[in-house]
Amino acid sequence: MTLHNMAGLSLRDLEYAVAVADLRHFGRAAERCHVSQPTLSEQIRKLEALLGVVLFERLPRRVAVTPQGAPLIERARAILREARGLLDLAQQQQAEPMKGRLRIGVIATLGPYYLPALLRDVRARFPQLVLRLQEGRTDALVEALEQGELDAALIALPAPSAALESAELFFEPFLLAFPQGHALRAQRRISLDALQSGELLLLEEGHCLRDQALSLCPLPREGREERFASSLEMLRHMIAAGEGFSLLPQLAVQGRTDLGGLIGLRRLAEPGVGRRIGLVWRGTDPRRESFSELAAFLRQMSPVGQPEDGGGAQPAMA
């Protein structure tokens, strides 16, 4: 069959043919299909001409399926079943949009501290959702999202691409983390101005948290030892070792006492020092309403509580 002929084949004509085969009568088949008998008969003739096969033998008192038409009628039944299955699947997707595989990226400075408390609730709320998680840095996650390799991502806002839509989930404060015995511990209220020194430890380039820390504490590069941590965990250990201080997201230190009191924590005097965490997705994705629903659910469960001090210093609440 040529492509031109394929364009003339309709599911409605297949329904007419199956109805005639079932009822062995053109009039009753027309009643089932809610059309007039002349209309049904004319469409059957057009279908036979399109296929090049006579489907029915018109006898005086009945209609019989021809031997050549029998396998075509069975194939028509299968095609109609698949078409109905397609419609059923579409209706299920409308009724349960958060279903099936969802590929979510998450920045490395958030995933290990946010996801453990999140996954149980998400799986309970969306039991038909199959999560596929990917960790990375913001630029890599945004590129994968724009290329269709990810469906959504958890990053610090604002999203660095106009092609993405976003929904803010929560605000995560930054806490000052300093080593045991550091002079900063003697200050009751610590401001950002007090952090303008070469002791500020940073993550490697490419981490959005590094850029956020530098925007808050711009440092001269002259005379500065270039030592950077590859991860938040390494950064915590560098602080505990006495190499310097840094700004850490609250989730990364919340409830952490595994370094035996080697790190002290303080809130900064300035209010609103931190980052906005959000869910982002492609603006062209037809699942926009589903992503908004997911974001609304995540927003209900703020993971940020009161920080615990790992070195005996009570956090100075701004």
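Mentor: Let us start at Arg24, which lies in the loop between α2 and α3. Helices (H or I, at least four residues) and strands (E, at least two) are DSSP runs, numbered from the N terminus. Before we go on, this is a predicted model, where local features need pLDDT of at least 70 and side-chain atom pairs count only at pLDDT 80 or more, while totals for chains, interfaces and linings use all residues. Residues are numbered from 1 along each chain as its sequence is written, and side-chain values use heavy atoms, with hydrogens and water left out.

Trainee: Thanks! What is the phi of Arg24?

Mentor: As a general idea, most residues other than glycine have a negative phi. Arg24 is not a glycine, yet its phi is positive, at about 55°. His34 is another such case, with a positive phi near 60° in a residue other than glycine. His34 sits in the loop between α3 and α4 (37–51).

Trainee: How do I read accessibility here, and does Arg24 count as buried, partly exposed or exposed?

Mentor: Buried means under 20% relative accessible area, exposed means over 50%, and partly exposed is in between (1.4 Å probe, protein chains only). Arg24 has 39% relative accessibility and therefore counts as partly exposed. His34, at 73%, counts as exposed.

Trainee: Now the helices on either side of Arg24. At what angle do α2 and α3 pack?

Mentor: Axes are lines fitted to C-alpha atoms, for helices over the stretch in contact, and angles run from 0 to 180 degrees between N-to-C directions. Helix α2 (residues 11–23) and helix α3 (residues 26–33) pack at about 130°, and their axes are 8 Å apart. That makes α2 oblique to α3; angles under 35 degrees count as roughly parallel, over 145 as roughly antiparallel, 65 to 115 as roughly perpendicular and the rest as oblique.

Trainee: Is the crossing of α2 and α3 left-handed or right-handed?

Mentor: A crossing is left-handed if the near helix is turned anticlockwise from the far one by less than a right angle, and right-handed if clockwise. For α2 and α3 the crossing is right-handed. On the α2 side the contact is made by Arg12, Glu15, Tyr16, Ala19, Val20, Asp22 and Leu23, and on the α3 side by Phe26, Arg28, Ala29, Arg32 and Cys33. Contact means heavy atoms within 4.5 Å. By class, the residues of this contact are seven nonpolar, no polar and five charged. Here Ala, Val, Leu, Ile, Met, Phe, Trp, Tyr, Cys and Pro count as nonpolar, Asp, Glu, Lys and Arg as charged, and the others, Gly among them, as polar.

Trainee: Let me try another pair. Which residues in α6 meet α11?

Mentor: From helix α6 (residues 111–125), whose axis comes within 11 Å of that of α11 at a crossing of roughly 120°, the residues are Tyr114, Leu118, Asp121, Val122 and Arg125; they meet Glu293, Phe297 and Leu298 in α11. This contact has five nonpolar, no polar and three charged residues. The two helices are therefore oblique to each other, and α6 passes α11 in a right-handed crossing.

Trainee: What joins Leu157 and Pro158?

Mentor: Most peptide bonds are trans. Between Leu157 and Pro158 the peptide bond is cis, with omega of about 5°. Pro158 is found in the loop between β5 (152–157) and β6 (164–179).

Trainee: Staying with β6, how many residues apart in sequence are Glu165 and Arg282?

Mentor: They are 117 residues apart in sequence, while their C-alpha atoms are 6.0 Å apart in space. Glu165 is in strand β6 and is partly exposed, with a relative accessible area of 32%. Leaving aside neighbours within four places in sequence, Glu165 is in contact with Leu279, Val280, Trp281, Gly283 and Arg288.

Trainee: And with which side chain does Asp285 make a polar contact?

Mentor: A polar contact is a pair of N or O atoms within 3.5 Å; within protein, one must be able to donate a hydrogen and the other to accept it, and residues adjacent in sequence count only if both atoms are side-chain atoms. The partner of Asp285 is the side chain of Arg287, at 2.8 Å. Asp285 is found in the loop between β11 (274–282) and α11 (288–299), and it is buried, with a relative accessible area of 4%.

Trainee: Finally, how many helices and strands does the protein chain have?

Mentor: The protein chain comes to 11 helices and 11 strands. Of its 318 residues, 43% count as buried. Among contacts between residues at least 6 apart in sequence, 73% join residues at least 24 apart.
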